[in-house]
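Colleague: Got a minute to go through this one with me? I'd like to hear how you arrive at the words you use.

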Amino acid sequence: MKYRISSDDVVFEDFDGEVVVLDLGTGRYFGLNASASALWAALSTGVETASLADAGAPADWIAGFAAECVQAGLLVEAPDAPEAALPAGFRLPTDAAPRLEAHSELSDLIAADPIHDVDLQAGWPHLPPDQVDR
Amino acid sequence: MTLAGAAVALDPTALPQGLAAMFAQFGNLWQNAAPITRFTVEETAFDCRGTAPAYADLVRTGICQPAATATRPAQLLLLDAPGPLWAAPYFQEREVEAALRGTPYLLAHDPDRGFWQAFDRATGRGLQFMRGPTGYPPWEPGSPLRNFLHWQVLGPRRGLIHAGTLAFGGIGVLLAGPGGSGKSGTVLAGLLHGLSSVGDDYVLADLEGGLALRPVFRTLKQDPTGAVRLGLSLAPRAANWQGKLQLTVDEIAPAALVPQITPLALLCPRVAHAPRTTFRPLDAKSAFQALAPSGVSQIPGDRAAAFALAAAVVRALPCHAVDLGTDPAEIAGAICDFIRRGGV
């Protein structure tokens with residue numbers, strides 16, 4: 001299976017092999033540990049999961065992390081996407097399983113809590129009608 | 001004065017054309033608009049006119065005006081007037097950003113308050129509509145016209161970032177963290193004990209030729225309990241929308257707001273109630289997570305650029321976690337010593 005980043009709303013930055021992903025559409029952001037960051041670098045650019053497995057990545061790590069990213073709205077399946085090669089110098093740290101930590105602690109900094117108080121149709125950062133005047 | 005606003009319909013499927021039509025009315029409105037205030041930020045001289053005279057006070061108390069020579073003009077028309085008609089059920093912010101990508105226009109809207117801000121980067125002209133002469137969002141007095149200022153100065157390597165600052169002798173630190181991390185209390189502790197700053201909440205980060213930080217706003221804030229702990233003696237005032245007391249640097253340390261500082265580290269404080277304040281190295285990813293999300297959340301229009309700017313700032317600095325002590329003087333002294341040691 002191949003994947004791609006779900007939309008232009010999803011932006012990310014790499015800091016010495018550790019990635020932070022932000023979904024600008026929801027305001028949620030995610031910290032990836034080293035192994036998750038390596039998998040992200042491959043999956044987000046369209047590397048076939050079989051290629052990752054051939055490179056020594058445990059199948060359960062690949063499947064589990066890809067499913068988490070899809071569930072979080074960061075990646076979508078892209079079976080028809082052109083296949084990409086593994087990133088140059090690809091190395092999967094094996095000391096810890098991939099971890100995608102979701103963060104939502106922005107509620108005290110912005111008018112609307114992007115996770116809990118969002119108007120389901122208008123999207124973040126708009127409050128649902130019953131909270132407009134709070 | 002009427003624009004306007006209500007006479008112009010913005011269709012999200014033809015947004016650049018709609019904004020062009022709105023700004024086509026700007027010149028005539030500007031000529032007949034009442035002056036409100038003028039101020040300078042970086043190289044831009046902002047001229048504000050319209051029907052929101054309260055902004056004269058907001059700008060006077062809230063915006064830091066260095067003695068710089070302005071080389072670019074910007075005109076902000078601040079109107080107590082209905083905004084444009086939005087020809088769709090909802091204002092989908094990310095769709096608006098996408099529709100305006102590659103155009104000179106930026107647009108922010110708070111549907112709950114009927115508040116609109118539109119900006120044309122090519123001409124430096126901004127339009128603000130609000131319900132009533134003081135119908136701005138409650139955070140506006142703390143950082144007046146923040147969106148316009150950010151949009152005017154934002155570049156690949158320059159923009160506003162959400163962080164506090166402290167310095168000694170022109171060399172300083174950035175302080176980043178979520179609400180409750182002790183960022184504002186640390187800035188106040190430093191200002192009360194001899195350190196300088198370029199701001200507590202939003203500061204201008206300029207990465208051209210090495211990272212420099214400059215002031216934009218002169219406001220500070222602190223919750224009432226923290227104000228007592230710090231020994232602040234303030235004239236009575238109402239709490240702001242967050243339940244915090246807003247004050248200005250001038251009230252507690254008039255000479256402490258300096259024109260520029262060169263940071264040597266990014267500090268992520270934590271209220272630890274520790275016997276003394278201690279520093280330890282912090283990975284860049286964690287520091288980025290402390291710095292980026294709040295600023296990206298709070299300034300609409302080009303959030304991806306703000307995210308990238310925060311990343312560039314983090315990459316430019318060593319990062320440290322700080323477990324804060326309980327004594328404001330000790331905290332200030334520890335940060336001063338950290339700066340004097342060169343950030344080690």
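Modeller: Sure, and keep in mind that this is a predicted model. Let's start with Pro281(B), which touches Cys319(B), His320(B) and Ala321(B), leaving out residues up to four places away in sequence.

Colleague: What makes those count as touching Pro281(B)?

Modeller: Heavy atoms within 4.5 Å make a contact. For Ala321(B), 40 residues apart from Pro281(B) along the chain, the C-alpha atoms are separated by 6.2 Å.

Colleague: Where does Pro281(B) sit, and why is it called buried or exposed?

Modeller: Pro281(B) belongs to strand β17 (residues 278-281) of chain B. Exposed means over 50% relative accessible area; Pro281(B) has 69%, so it is exposed.

Colleague: And Asp206(B), is that one buried or exposed, and how do you know?

Modeller: The cut-off for buried is under 20%. Asp206(B) comes in at 11%, so we call it buried. Its place is in strand β12 (residues 202-206) of chain B.

Colleague: Which backbone atom does the side chain of Asp206(B) reach?

Modeller: The side chain of Asp206(B) reaches the backbone nitrogen of Glu208(B) at 3.0 Å. A polar contact needs N or O atoms within 3.5 Å. Setting aside neighbours within four places in sequence, Asp206(B) is also in contact with Arg157(B), Arg158(B), Leu211(B), Ala212(B) and Arg214(B).

Colleague: Over to chain A. Why do you say helix α1 is largely enclosed?

Modeller: Eight of the 10 residues of helix α1 (residues 34-43) of chain A are buried, so the rest of the structure largely encloses the helix. Among those buried residues are Trp40(A), Leu39(A) and Leu43(A).

Colleague: How confident is the predictor about chain A?

Modeller: Chain A averages a pLDDT of 80, and 77% of the residues score at least 70. Among its elements, strand β5 (residues 75-77) has the highest mean, 97, and strand β6 (residues 100-103) the lowest, 89.

Colleague: Where does pLDDT stay under 50 in chain A?

Modeller: Over residues 106-129. The model has 67 contacts beyond four places in sequence for that stretch.

Colleague: Last one: what does Val258(B) touch?

Modeller: Beyond four places in sequence, Val258(B) touches Ser196(B), Ser197(B), Val198(B) and Pro215(B). Val258(B) lies in the loop between α8 (249-252) and β16 (262-274) of chain B. The C-alpha atoms of Val258(B) and Ser196(B) are separated by 6.5 Å, with the two residues 62 apart along the chain.

Terms used:
Residues are numbered from 1 along each chain as its sequence is written. Chains are lettered from A and ligands numbered from 1 in the order in which they are written. Side-chain values use heavy atoms; hydrogens and water are left out. Buried means under 20% relative accessible area, exposed over 50%, partly exposed in between (1.4 Å probe, protein chains only). Helices (H or I, at least four residues) and strands (E, at least two) are DSSP runs, numbered from the N terminus. A polar contact is a pair of N or O atoms within 3.5 Å; within protein, one must be able to donate a hydrogen and the other to accept it, and residues adjacent in sequence count only if both atoms are side-chain atoms. pLDDT is the predictor's confidence in each residue, from 0 to 100.
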